[in-house]
Protein chains: 2
Amino acid sequence: MAHPRTDTRKQILDLAAALLQDRGFSAFSYHDIAQQLGVRNAAVHYHFPTKCDLGIAVIQRYRHRFQRYIEILDQGGADPMLKLEAYFTIPWGYLRDGGKVCPLGMLETEFYAIPEAMRVEARSLDQEIRQWLTQALREGRDQGLFRFQGTAKDKALLMVATLQGALQISRVVGRDGFSACVRQLKWDLGLVSS
Amino acid sequence: MAHPRTDTRKQILDLAAALLQDRGFSAFSYHDIAQQLGVRNAAVHYHFPTKCDLGIAVIQRYRHRFQRYIEILDQGGADPMLKLEAYFTIPWGYLRDGGKVCPLGMLETEFYAIPEAMRVEARSLDQEIRQWLTQALREGRDQGLFRFQGTAKDKALLMVATLQGALQISRVVGRDGFSACVRQLKWDLGLVSS
DNA sequence: GTCTATAACGTGATAGAC
DNA sequence: GTCTATCACGTTATAGAC
């Protein structure tokens, strides 16, 4: 029933996000998107006048999706352990989806090569993710589920850094590298290997 | 006494490496290098005919330097603890040098956008670093200096992933983020905070 | 070893018809 | 909302003089 072609905007965002996590923001072009979408260059510019506009929209969609994701978790009354598992699900999906990397990690490595307006969005995305994870870790420790040294905020930072690094290095060492890192992250939270 | 301009090749490599760790391989051009070097486009092409040649030479220099670095450590009879500190010194230097990221992390995020010949070099660099770190961790554990679960190889992978992720995320959260990650890596090796 | 000059191409972006 | 056509520019790369 879905009208074909009426949702070009969404398809552009899908492709842009995939390309971002695959090759990077500066390494894909309007032509790449137009071609894969079976449309012309100018059509993409109609929806997103400048590449910066497109970049911002892609990041904002990550932000909105993450917010919806955690709202659902909260409404479902998920406990910290479930929240942690749900969080790990995200990079796992990227890995399976052709070895994509974390969008935030990609934007950080390109940080000095992207427009300031995109950096602002990237900062917000990072802050929202780490803030939520920090809270989950704090609750988990208070409930005796997790055990770790230092602040929950620092632990969240460590986990985000490790996961994004692990996703990247998996491109070189293979997928098993990622599972090895996740296993150790869990150990270092005082969890037995599942 | 140094002859000015006789070592253009070296200066090109210096600039290319700095640009790689700053913005990424696909985000700098021959023009960037030529300009900062006060020389013309074609002069750079004389030393490195294609950009792929340049990329390979840069990575190979990282490899050679790392080999020399660990040879000196070994000749000095460094114990595992000193080796670990020496290893941490590398990303610390990158961080202080304008918030540069790990070259390997940069190459991994750009992995699907760089020529195959560069990927091969990147794989070698990764392997050499992780192999050395694995051995250092193994020795350290055998000597009762470090304490960790799982294989030394997996622990080395985790540390490399974490450090490269931490360097990247520091661009968003600031330099203190990196120290926080290093502190936790040490804790998780059974070391008290220094 | 560096220069000038230029080729060949890809890029982001815009104007205007349909 | 998509098209054709085009622009201005930056990119990698090469030829040939000095």
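This is a tour of a predicted model, going from the paired chains to the two DNA strands.

Before selecting anything, note that residues are numbered from 1 along each chain as its sequence is written, while chains are lettered from A and ligands numbered from 1 in the order in which they are written. The model being predicted, local features need pLDDT of at least 70 and side-chain atom pairs count only at pLDDT 80 or more, whereas totals for chains, interfaces and linings use all residues; side-chain values use heavy atoms, with hydrogens and water left out.

**Stop 1: chains A and B**

Select both protein chains. A rotation of 180 degrees with 0.0 Å of shift along its axis puts chain A on chain B, with an RMSD of 0.0 Å (a least-squares fit on the C-alpha atoms of residues with pLDDT of at least 70 in both copies). This is how a two-fold axis relates two copies. Both copies use the same surface, since 100% of the contact residues of chain A recur in chain B.

**Stop 2: the interface**

Now show the residues of each chain that touch the other. Contact, meaning heavy atoms within 4.5 Å, joins 39 residues of chain A to 40 residues of chain B. The two chains bury about 3700 Å² between them, and carbon and sulfur atoms give 62% of it; buried area is the accessible area (1.4 Å probe) lost when two parts are put together, summed over both. Select A:Thr109, A:Tyr112 and A:Val172: these supply 18% of the area that chain A buries against chain B, more than any other three residues.

Next, look for charged pairs. The interface of chain A and chain B holds 4 salt bridges, each a side-chain nitrogen of Lys or Arg within 4 Å of a carboxyl oxygen of Asp or Glu. One of them joins A:Lys155 to B:Asp188, at 3.9 Å from N to O.

On chain A, color helices H6 (103–109), H7 (116–142), H8 (152–173) and H9 (176–187), each of which supplies at least two residues of the side that touches chain B. Helices here are DSSP runs (H or I, at least four residues), numbered from the N terminus. H8(A) gives the largest share of that side, 15 residues.

**Stop 3: DNA strand D**

Select strand D and the residues near it, that is, with a heavy atom within 4 Å. There are 17, and the closest are A:Thr8, A:Arg40, A:Tyr46, A:His47 and B:Lys51. Of the strand D atoms within 4 Å of the protein, 66% belong to sugar or phosphate and the rest to bases. Helix H3 (41–47) of chain A and helix H3 (41–47) of chain B each supply at least two residues of this surface, and H3(A) gives the largest share, 4 residues.

Zoom in on A:Thr8, where a side-chain N or O atom is 2.7 Å from a phosphate oxygen of strand D. Then go to B:His45: a polar side-chain atom there lies 3.1 Å from a base nitrogen of strand D.

**Stop 4: DNA strand C**

Switch to strand C. Its surroundings also number 17 residues, with A:Tyr30, A:Lys51, B:Thr8, B:Arg40 and B:His47 the closest. Sugar and phosphate make up 68% of the strand C atoms that come within 4 Å of the protein. The largest share of the surface near strand C, 4 residues, comes from H3(B).

Two backbones to display are those of A:Lys51 and A:Tyr30: a polar backbone atom of A:Lys51 is 2.6 Å from a phosphate oxygen of strand C, and one of A:Tyr30 is 2.9 Å from a phosphate oxygen of strand C. Finish at A:His45, where a side-chain N or O atom is 3.1 Å from a base nitrogen of strand C.

Methods:
Polar contact = N/O pair within 3.5 Å; in protein donor to acceptor, adjacent residues only side chain to side chain.
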